[in-house]
Amino acid sequence: MTANVQDVAAYILRKESPMSAMKLQKLCYFAYGYHLAWEDRQLFPERFEAWANGPVVYELYAQHRGQYRLESGDINGDPAKLDAGEIESIDAVLESFKAFSAHELSAMTHRPGPWLDARRRAGLEDDLQRSNEELRDEEIADFFGALAGRED
């Protein structure tokens, strides 16, 4: 069973709801990045896009569009599809990042790294312009690997 972004989001909401949709997207991003660095595999197959407010998975956005505050059960996903390594990565990220606000998490994604690299590839001049440029896994893995102190 391969987990998808909705499964991860449903797990996060089960543990830490309520939260804003933006915070959920950013926690999914941090979980994805650290999991990729720690386990050398994707947490889910859906891709992050370099939106103005930071990395966003469109498939997750489509489920919460128009909602600001999300509760457990608001995202149609199955946390039982997550394996032990995936849960361990998500739990570690939640422990480290749950205290930050959505805007603080968003600001963290705007620092030099995968989001900014994708925006530059798209030729964007500022943070306000729309973009669906995808973040690259190799850039995400390198960025989070450096944060985690992983030696290649």
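**A buried glutamate, a nonpolar core and its aromatic rings**

In this predicted model, E46 sits in the loop that runs between α2 (21-39) and β2 (48-51). Despite its charge-bearing side chain, E46 is buried and takes part in no salt bridge. The nearest side chain of opposite charge belongs to R47, and it lies 8.3 Å away; a salt bridge would call for a nitrogen-to-oxygen distance within 4 Å. What the side chain of E46 does reach is the backbone nitrogen of V5, at 2.9 Å. V5 appears again among the contacts of E46: once neighbours within four places in sequence are set aside, E46 touches N4, V5, Q6, V57 and E59.

From this loop, attention turns to the nonpolar interior. As a general tendency, nonpolar side chains in soluble globular proteins are buried together. Here the largest nonpolar core comprises 41 residues, and I12, L24, C28 and I90 have the most contacts inside it. Two or more residues each are supplied by α1 (5-16), α2, β2, α4 (84-97), α5 (102-109), α6 (114-121) and α7 (137-148). Of these elements, α2 provides the largest share, with eleven residues. I90 offers a handy view of the packing: leaving out neighbours within four places in sequence, I90 is in contact with V8, Y11, I12, A31, L43 and L82. One of these partners, I12, is itself on the list of residues with the most contacts inside the core.

Aromatic rings add a further layer to the picture. The count comes to 15 aromatic pairs. In one of them, the ring centres of W51 and Y61 are 4.9 Å apart and the planes meet at 70 degrees, so the pair is edge-to-face, given that the class requires an angle over 60 degrees. This pair joins distant parts of the chain, with W51 in strand β2 and Y61 in helix α3 (residues 58-64), ten residues apart. W51 is partly exposed, with a relative accessible area of 22%, and Y61 is likewise partly exposed, at 22%.

A second edge-to-face pair is formed by F143 and F144, with 5.2 Å from centre to centre and 85 degrees between the planes. F144 is buried, its relative accessible area being 0%. Both F143 and F144 also belong to a cluster linked by ring pairs, whose other members are Y29, F30, Y32, Y34, W38, F44, F48, F97 and F100.

Notes. Residues are numbered from 1 along each chain as its sequence is written. This is a predicted model: local features need pLDDT of at least 70, side-chain atom pairs count only at pLDDT 80 or more; totals for chains, interfaces and linings use all residues. Side-chain values use heavy atoms; hydrogens and water are left out. Helices (H or I, at least four residues) and strands (E, at least two) are DSSP runs, numbered from the N terminus. Buried means under 20% relative accessible area, exposed over 50%, partly exposed in between (1.4 Å probe, protein chains only). Lys and Arg count as positive and Asp and Glu as negative; His and the chain ends are not counted. A polar contact is a pair of N or O atoms within 3.5 Å; within protein, one must be able to donate a hydrogen and the other to accept it, and residues adjacent in sequence count only if both atoms are side-chain atoms. Contact means heavy atoms within 4.5 Å. A nonpolar core is a set of buried Ala, Val, Leu, Ile, Met, Phe, Trp, Tyr and Cys residues joined through side-chain atoms within 4.5 Å. Rings of Phe, Tyr and Trp (its six-membered ring) pair if their centres lie within 6.5 Å; planes under 30 degrees apart count as stacked, over 60 as edge-to-face and the rest as tilted.
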